[in-house]
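Q: Please take a close look at one part of the structure shown here. I am new to it and would welcome a connected account that begins at a single residue and follows the chain outward from there.

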Amino acid sequence: MATVLITGCSSGFGKLSALHFARKGDTVFASMRNTAKAGELEQAKQAESLPIEIVQLDVTDDASVEGAVRQVIDAAGGIDVLVNNAGLGLHGPLEETDDDEMKEIFETNFFGAMRVMRAVAPKMREQKSGTIVNVSSLAGRVVAPYGGTYSASKYALEAASEALHYELHPFGIRVLLIEPGGFETAIENNRRLSRRFTEGSPYLELEQRFEQSLTRLPGGNERGDAQDVAEAIYNAVNTDQPKFRYLVGQDAELIGGLRRQMDDEQFEQAMRQTLDFWD
Ligand SMILES: NC(=O)c1ccc[n+]([C@@H]2O[C@H](COP(=O)([O-])OP(=O)(O)OC[C@H]3O[C@@H](n4cnc5c(N)ncnc54)[C@H](OP(=O)(O)O)[C@@H]3O)[C@@H](O)[C@H]2O)c1
């Protein structure tokens, strides 16, 4: 049974992954920046006698990351699986998004994952084994207007993950990407809105039209069951036919699949036609 460290377990994919790995018998260190949010996990742990430890870990804080990883290694002797799941969304046109807003997203989605990877990689190299799961997004493969900052952070995560995949493989460490489409979690409520994107913005009407047009995509109004992502992460880690990228969800498979098959112009044309969005 594996020792698993997961970031961002206060809600969404992180919480469900912690429960799923633990129910399968792995020892899970379920980390979150604010452990006061551990209530539901604590309850499930008690009710089902699950092997879950709650750990404080803020991915933007060096000391917090180092302390959490030390705590896991001291308690379990090693780390078999790291799931870099913590993430934040931001919505708004790039012109109306300031550097500090962009930096918050990159600090969490990109530098956060790098910081935790750097903290666990030495132990995994010493073990000559380990798996690092980076939770990216369909938005790490396909860019939409008003999602530029979030996509840029996930594209950065994808690029670094690809380099890590090559760099860490010789040490027996596997790196993989999970790329979910739209799923029902707290991400929409937690996402930031560019602070200058307000009434009077020249982008407002266009943005509203674009958001409306997204409902024309197959399944455009539906968000998937987040449990599917928890299971996809577990299955990707435990498969005997490993691969690097895993699109998860019908929308991700459809749009990500089309993106793979088409060149840039064909894909843009297909999306504009489907969305009837020409401006
Ligand atoms: N839901 C989707 O449709 C979707 C699709 C594609 C990719 N994703 C990705 O999936 C991952 C999980 O998101 P989710 O959908 O489960 O959203 P969520 O319910 O909002 O969960 C995000 C988690 O990240 C944590 N977090 C944020 N900043 C952090 C920090 N500095 N240190 C540690 N934890 C931090 C949050 O903690 P707090 O409670 O303290 O804020 C929360 O536990 C993210 O990387 C997201 O980009 C989600």
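A: In this predicted model, Gly147 is in contact with His91 and Ala139 once its neighbours within four places in sequence are left aside. His91 lies 56 residues from Gly147 along the chain, yet the two C-alpha atoms are separated by 5.4 Å. Gly147 has its place in the loop between strand 6 and helix 5. Is this glycine buried or exposed? Gly147 has 20 other C-beta atoms within 10 Å, and a residue with 20 or more counts as buried, so Gly147 belongs to the buried class.

The residue before it, Tyr146, sits in the loop between strand 6 and helix 5. Tyr146 is buried as well, because 22 other C-beta atoms lie within 10 Å. Its backbone deserves attention: the phi angle is positive, about 75 degrees, although Tyr146 is not a glycine. Lys128 is another non-glycine residue with a positive phi, in this case about 65 degrees. Lys128 is placed in the loop between helix 4 and strand 6. In contrast to the buried Tyr146, Lys128 counts as exposed because it has 9 C-beta neighbours inside 10 Å.

Strand 6 itself covers residues 130–135. Six of its six residues are buried, so the strand is largely enclosed by the rest of the structure. Gly130, Ile132 and Asn134 point to one side of strand 6, while Thr131, Val133 and Val135 point to the other.

Which strands pair with strand 6? One partner is strand 4, which runs parallel to strand 6 and is joined to it by four bridges. Here Ile132 of strand 6 stands opposite Leu82. The other partner named here is strand 7 (residues 173–180), paired with strand 6 in the parallel sense over six bridges. In that pairing, Val133 has Leu176 of strand 7 as its bridge partner. Strands of a sheet pair through backbone hydrogen bonds, in either a parallel or an antiparallel manner.

Strand 4 (residues 81–84) resembles strand 6 in having buried residues on both sides: Val81 and Val83 point one way, Leu82 and Asn84 point the other way, and all are buried. Strand 4 is further joined to strand 1 by three bridges, again in parallel. Within that pair, Ile6 has Val83 as its bridge partner in strand 4. Strand 1 (residues 3–6) in turn runs parallel to strand 2 (residues 27–32), with four bridges between them, and Thr3 stands opposite Thr27 in strand 2.

These pairings belong to an open sheet of seven strands in the order 3-2-1-4-6-7-9, with parallel pairing. Strand 3 (52–56) and strand 9 (245–248) stand at the edges; each has a single partner strand, so one side of each is left without a neighbour in the sheet. On average, neighbouring strands of this sheet are turned by 20 degrees against each other, direction ignored. Helix 3 (residues 62–76) lies across strand 1, strand 2 and strand 3, and runs at about 155 degrees to strand 3.

Several residues already met return in the nonpolar core. In soluble globular proteins, nonpolar side chains tend to be buried together. The largest nonpolar core in this model has 66 residues, and the members that touch the most others are Ala18, Leu82, Val120, Val133 and Ile233. Helix 4 gives the most to this core, nine residues in number. Apart from residues up to four places away in sequence, Ala18 touches Ile6, Cys9, Val28, Ala30, Leu41 and Ile52.

The ligand completes the picture. It is surrounded by 29 residues, of which the closest are Gly8, Gly12, Ala86, Gly87 and Thr185. Helix 1 (12–23), helix 4 (99–127) and helix 6 (187–190) are the elements that each give two or more residues to this shell. Helix 1 supplies the largest share, three residues. By type, the shell divides into 10 nonpolar, 16 polar and three charged residues.

Finally, helix 5 (residues 148–168) contains Glu162. Glu162 is partly exposed, because 14 other C-beta atoms lie within 10 Å. Its C-alpha atom is separated by 35 Å from that of Glu42, which is 120 residues away along the chain.

How values were computed:
Residues are numbered from 1 along each chain as its sequence is written. This is a predicted model: local features need pLDDT of at least 70, side-chain atom pairs count only at pLDDT 80 or more; totals for chains, interfaces and linings use all residues. A residue is near a molecule or strand if its C-beta atom, placed from the backbone, lies within 6 Å of it. Ala, Val, Leu, Ile, Met, Phe, Trp, Tyr, Cys and Pro count as nonpolar, Asp, Glu, Lys and Arg as charged, and the others, Gly among them, as polar. Two strands pair if DSSP finds at least two bridges between them. Axes are lines fitted to C-alpha atoms, for helices over the stretch in contact, and angles run from 0 to 180 degrees between N-to-C directions. Two residues are in contact if their C-beta atoms, placed from the backbone, lie within 7 Å. A nonpolar core is a set of buried Ala, Val, Leu, Ile, Met, Phe, Trp, Tyr and Cys residues joined through C-beta atoms within 7 Å. A residue is buried if 20 or more other C-beta atoms lie within 10 Å of its own, exposed if 12 or fewer, and partly exposed in between; C-beta atoms are placed from the backbone.
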